[in-house]
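Please read the report below alongside the sequence and the structure. It is meant for a reader who wishes to check each statement against the coordinates.

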Amino acid sequence: MTVNSLEGRAAFVTGSVQGIGLAVAKSLASAGANVALHGLANPEQAEAAMAEVRAAGAPDVIFLDTDLSKAGAIDGMVKALRDWREIDILVNNAGIQKTTSIADATAEIWESVLAVNLSAPFHIMRHLMPSMAERGFGRVVNIASVHGLVASQNKAPYVSSKFGLVGLSRVAALEYASAGSRSTGGVTVNCICPGWTETAIIEPQIAARAAELGGDRDKGVASLLAEKQPSLRTSDPSEIGELCVWLCNKVAHNVTGTSIPVDGGWTAQ
Ligand code: NAD
């Protein structure tokens, strides 16, 4: 195994049939990892994602379709993963966004966002991390958000879930900091905190802003960027994937408990 290789590693990426999750899965595959894909998808979408990840270089690929809003389903998903391989790399990426004021939010919105964005990562981590510690190597990369570091109006459930995910990651980083060694690679837990990144999750917000600007999508994107993201450009999901691969290498054994913004300066303001 070379320094930058993930050959022989087994990675599980939640929400990886599209968007940031699929890009992360492809980057890990390019580095040689075996990849368990996951998400809400019809058979055609799942097969297409598996084909992309195989083509990127993953020797072995499986797909799991567990609905993470149902906490009771997570035990079965973990068993299916374990029957496949012991997981070395966990990327908690699946997430949902529902914009609403606190006054208009329903209990259903609050509970569904917290279930997918925060409770599911907690349950998956508590199941998978002890075995990482026993083997002296493990990587957890939680895809949080700039909204795990700063707030915006009309996003109370999402912001709460992502601040919670950053807190959860720091606690886990501390609890596992002394597991393993430099030579085994240790067990680390970090968050990546994207700003505006070109995926389906931001389309409703782009459409709403475009509607205020005569229906022009490009103007909608430019307006959202001008409001928060000083670089005035979006990120491509593949850029998050490459950062994830770096965090998963042994060289990053002492990088733990961090929250790394990929946000064009949003949170530097
Ligand atoms: P996306 O909507 O394209 O992908 C979300 C993924 O989550 C999909 O694969 C979907 O199948 C999965 N998912 C959703 N609900 C699920 C459920 N109940 N059970 C199982 N899987 C479920 O969005 P994305 O932009 O790729 O988002 C990935 C992560 O990045 C999310 O956690 C999101 O909050 C975060 N993020 C995105 C941006 C951005 O600008 N795109 C910015 C900051 C953070």
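The sections that follow take up the pockets, the salt bridges and the paired strands in turn.

## Basis of the report

The structure is a predicted model, in which local features are described where pLDDT is at least 70 and side-chain atom pairs are counted only at pLDDT 80 or more.

## The largest pocket

The largest pocket holds about 910 Å³ of space. Its lining is made up of 39 residues, and those closest to the centre are Asn93, Ala94, Gly95, Ile96 and Ile201. Two or more lining residues come from each of the elements α1 (19-30), α5 (156-176) and α6 (203-212), and α1 gives the most, with three residues.

Sorted by class, the lining of the largest pocket comprises 18 nonpolar, 18 polar and three charged residues. Where does this pocket lie with respect to domain 1 and domain 2? Because residues of both domain 1 (10-197 + 236-268) and domain 2 (199-234) contribute to the lining, the largest pocket lies between them.

## The second largest pocket

About 240 Å³ of space is found in the second largest pocket. Its lining has 14 residues, and Lys155, Gln205, Arg209, Leu224 and Glu227 are those that lie nearest its centre. The elements that supply two or more residues to this lining are α6 and α7 (217-228), with α6 giving the most, namely four residues.

The lining of the second largest pocket divides into four nonpolar, five polar and five charged residues. Domain 1 (10-197 + 236-268) and domain 2 (199-234) both give residues to this lining as well, and the second largest pocket therefore lies between them.

## Salt bridges

How many salt bridges does a search of the whole structure find? The search finds eleven, and one of them joins Lys26 to Glu52, with the closest N and O atoms 2.7 Å apart. Since Lys26 belongs to helix α1 and Glu52 to helix α2 (residues 43-56), this pair ties together parts that are 26 residues apart in sequence. Both side chains fall in the class between buried and exposed, which spans 20% to 50% relative accessible area: Lys26 is partly exposed at 30%, and Glu52 is likewise partly exposed at 34%.

Lys70 forms a salt bridge with Asp67, and here the closest N and O atoms are 3.3 Å apart; Asp67 is partly exposed, with a relative accessible area of 25%. A further salt bridge is formed by Arg217 and Glu198, whose closest N and O atoms are 3.8 Å apart. This pair links distant parts of the chain, for Arg217 lies in helix α7 and Glu198 in the loop between β6 (186-194) and α6, 19 residues apart. Arg217 has a relative accessible area of 34% and is partly exposed, while Glu198, at 35%, also counts as partly exposed. The bridge between these two belongs to a wider arrangement, in that Glu198, Glu203 and Arg217 are linked in a network of salt bridges.

## Paired strands

Which residues of strand β1 (residues 10-13) are buried on each of its two faces? Ala10 and Phe12 are buried on one side, and Ala11 and Val13 are buried on the other, so that both faces of β1 are covered. Strand β1 runs parallel to strand β2 (residues 34-38), to which it is joined by three bridges, and within this pairing Ala10 stands opposite Asn34.

Strand β1 is also joined to strand β4 by three bridges, again in the parallel sense, and Phe12 of β1 stands opposite Leu90 of β4. Strand β4 (residues 89-92) has both faces covered, with Ile89 and Val91 buried on one side and Leu90 and Asn92 buried on the other. From β4 the pairing continues to strand β5 (residues 137-143), which runs parallel to β4 and is connected to it over four bridges. The bridge partner of Leu90 in β5 is Val140, and Leu90 thus has a partner in β1, Phe12, as well as one in β5.

Conventions: Residues numbered from 1 in each chain as written. Heavy atoms only, no water. 1 Å grid on protein atoms, 1.4 Å probe; cavity = no way out; pocket = protein on both sides within 12 Å on 5 of 7 lines; lining within 4 Å. Points joined across faces, edges and corners; volume = space filled by probe spheres on them. Nonpolar A, V, L, I, M, F, W, Y, C, P; charged D, E, K, R; others polar. Domains from an automatic or database assignment. Salt bridge = Lys/Arg side-chain N within 4 Å of Asp/Glu carboxyl O. Buried < 20%, exposed > 50% of the residue type's maximum accessible area, 1.4 Å probe, protein only. Pairing = 2+ DSSP bridges.
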